Amino acid sequence: MSVGIVCCVFNVMMYASPLSVMKMVIKTKSVEFMPFWLSVAGFLNAGVWTIYALMPFDPFMAIPNGIGSLFGLAQLILYGAYYKSTKKIMAEREKQLGYIGLSSAIAHTESEKTANTNQELNNV
């Protein structure tokens, strides 16, 4: 019984871990940071295990995977809601700065910092 409860807790924690990314998606109105295929895989995985657990009804499998199905569904709904706004945001970013991805943004920022540091050192 205690092992089953511990497994349920950890399984729910695994499915709840993308909630922090969902918070960022809502805040930025962009799904750029939430991988679509990972959300689909999580939803399908939890759904299949829930169906399997309902056949002989195993609550230690049905409850956490049912919760995981709901979290996965919430991610997919969120993805659908913010997909178009993400395309607009990325198009604007490409127009303004000439790059699209987050890694390019980080590299661009780092190169600006390096250039500014070099310029400050030359002025001293």
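Student: What makes up the largest nonpolar core in this predicted model?

Tutor: The core has 7 residues: Met22, Val25, Val31, Met34, Leu78, Tyr79 and Tyr82. Such residues are called a core because they are buried, with under 20% relative accessible area, and joined through side-chain atoms within 4.5 Å.

Student: Which helix gives the most to this core?

Tutor: H4 does, with 3 residues. Helix H2 (19–28) and H4 each supply at least two.

Student: What is Met34 in contact with, leaving aside its neighbours within four places in sequence?

Tutor: Its partners are Val21, Met22, Val25, Ser39, Gln75, Leu78 and Tyr79.

Student: Why is H3 called roughly antiparallel to H4?

Tutor: Helix H3 (residues 36–54) and helix H4 (residues 59–97) pack at an angle of about 150 degrees. Angles over 145 degrees count as roughly antiparallel, so H3 earns that description against H4. Their axes are 8 Å apart, and H3 passes H4 in a left-handed crossing.

Student: Which residues meet there, and how do they divide into nonpolar, polar and charged?

Tutor: In H3 they include Phe36, Phe43 and Trp49, and in H4 they include Met61, Leu73 and Tyr79. The residues of this contact of H3 with H4 divide into 13 nonpolar, 9 polar and no charged. Gly47 in H3 and Gly66 in H4 are among the residues that meet; they count as polar because Gly is placed in that group.

Student: At what angle do H2 and H4 pack?

Tutor: The angle is about 35 degrees, with the axes 10 Å apart. The crossing is left-handed. The contact of H2 with H4 has 9 nonpolar residues, 2 polar and no charged.

How values were computed:
Residues numbered from 1 in each chain as written. Predicted model: local features only at pLDDT ≥ 70, side-chain atom pairs only at ≥ 80, totals over all residues. Heavy atoms only, no water. Axes fitted to C-alpha atoms, helices over the stretch in contact; angles between N-to-C directions. Helix = DSSP H or I, 4+ residues; strand = E, 2+ residues; numbered from the N terminus. Parallel < 35°, antiparallel > 145°, perpendicular 65-115°, else oblique. Left-handed = near helix turned anticlockwise from the far one by under 90°. Contact = heavy atoms within 4.5 Å. Buried < 20%, exposed > 50% of the residue type's maximum accessible area, 1.4 Å probe, protein only.
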